[in-house]
Amino acid sequence: MKFTKYHALGNDYIVIAPNELDHDMTSAEIKTICDRHYGVGSDGVLYGPLPSASCDFKLRIFNPDGSEAEKSGNGLRIFSRYLWDTKLVTHDTFSIETKGGEVKATVHAEGKRVTVDMGKVRYTHGSDHSLAIRKETIQIADQTFVGYRASVGNPHFVIPVQQLSADLAHQYGPLIEQDARFENRTNVQFLKVLDRHTIQIEIWERGAGYTLASGSSSTAAAGVACGLGLCDEIISVNMPGGEIKISLDQDLFATMQGAVCKIANGELAMEALEDYRNTF
Ligand SMILES: N[C@@H](CCC[C@H](N)C(=O)O)C(=O)O
């Protein structure tokens, strides 16, 4: 099965075209492909392009635990680069349908940089999209955190802190992701505001774990920083893997721009997709 691997600031994805398989990918296959010992290893699988009734292309996004995500900012930039590299697009701007909404993508510099209109940041995980930003106190193990829900199609819980560390994400991220108050689990960001145009985040991704960067997390964190009146509309988001630029308009429609790098074209042996772990 042919695949292409890319990373966006260290957030790595494997792109698989639907015609590489004679069936829909199973969750066990996705888990194996993403496994860093038994598979190729990645923070997720991008399955597409699929036909779309409303957009130029449709994309399905899978987490390494086999669950399906509504949206992925880095995933969308990577998929746009893949469309460019494989010459499936002949112009710079095109539309992509995801489970979490339709987006417009624009490639620059031969796809090495991509801009995606991520849609509106909403301060809820639910269907009431008119909600104002709302503080939530959450008790996790020995700690009390104050955070804010946000969604750009997929759910996020953003926690502003004074002292930011990767340990916070590693230690509390998995517990917050699985907390019963989040009906569909959540992505988690610890946020430090550096100035009115710069924030720094540490990320725990739903279904993936600690990642070096995340586009939807950057968008959600910038939306919360802006909603709290701590930042203006143009925000640089610093993460361990690098920087993403977010622009928000007055209605909180977000545009994200960042880098994409190709790692490899490859061919996965079908043997790896069999339940290899149970055979010895
Ligand atoms: N890395 C992504 C987010 C991927 C999806 C996420 N884990 C979820 O389940 O919502 C990004 O760059 O946005």
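Start by selecting F57: with a relative accessibility of 12%, this residue counts as buried, because the cut-off for buried is under 20%. Keep in mind as you click around that you are looking at a predicted model.

**Around F57**

Colour by secondary structure and you'll find F57 in strand β4, which covers residues 57–62. Now show what touches the F57 side of things. Leaving out neighbours within four places in sequence, the contacts of F57 include P49, L50 and S52. Further along the chain, F79, L83, L88 and V89 are also in contact with F57, and so is the run F94, S95, I96 and E97.

For a sense of scale, draw a distance from F57 to I201. These two are 144 residues apart along the chain, and their C-alpha atoms are separated by 31 Å.

**Next stop: P49**

Stay with one of those contacts of F57, P49. P49 sits in strand β3, which spans residues 45–50. Turn to the peptide bond between G48 and P49: that bond is cis, with omega at about 5 degrees.

**Helix α1**

Select residues 27–34 to bring up helix α1. Which residues of α1 are buried? Pick out E29, I30, T32, I33 and C34. The buried residues of α1 pack against three strands you can highlight together: β2 (11–16), β3 and β4. That brings you back to the strand of P49, β3, and to the strand of F57, β4.

**Two backbone oddities**

Go to L9, in the loop between β1 (2–8) and β2. What is the phi of L9? It is about 60 degrees, a positive value although L9 is not a glycine. L9 counts as buried, at 12% relative accessibility.

Then jump to R185, in the loop that links α3 (166–177) to β12 (187–195). R185 is another non-glycine residue with a positive phi, near 60 degrees. Is R185 buried or partly exposed? Its relative accessible area is 23%, so R185 is partly exposed.

**Zoom out: two domains**

Now colour by domain. Domain 1 is made of two segments, 2–112 and 261–278, while domain 2 runs over 135–254. The contact between them takes 17 residues from domain 1 and 21 residues from domain 2. Put a marker at the centre of each domain, taken over C-alpha atoms, and the two markers will be 24 Å apart.

**The whole chain**

Finally, show everything. How many helices and strands are there in the protein chain? You should count 4 helices and 18 strands. Along the principal axes, the C-alpha atoms fill a box of roughly 50 × 50 × 30 Å. The radius of gyration is 18 Å, which agrees with the value near 19 Å that a compact globule of 280 residues would have.

Switch on the contacts between residues at least 6 apart in sequence: 63% of them join residues at least 24 apart. Of the 280 residues, 52% count as buried. With the surface on, the accessible area comes to about 12,300 Å², and carbon and sulfur atoms account for 48% of that.

One last colouring, by charge: the protein chain has 27 positive and 36 negative side chains. The centres of the two sets lie 3 Å apart.

Methods:
Residues are numbered from 1 along each chain as its sequence is written. This is a predicted model: local features need pLDDT of at least 70, side-chain atom pairs count only at pLDDT 80 or more; totals for chains, interfaces and linings use all residues. Side-chain values use heavy atoms; hydrogens and water are left out. The radius of gyration is taken over C-alpha atoms; the globule rule is 2.2 Å times the number of residues to the power 0.38. Buried means under 20% relative accessible area, exposed over 50%, partly exposed in between (1.4 Å probe, protein chains only). Contact means heavy atoms within 4.5 Å. Accessible areas come from the Shrake-Rupley method with a 1.4 Å probe; for residues, only the protein chains shown count as cover. Lys and Arg count as positive and Asp and Glu as negative; His and the chain ends are not counted. The place of a charge is taken as NZ of Lys, CZ of Arg, CG of Asp or CD of Glu. Domain bounds come from an automatic or database domain assignment.
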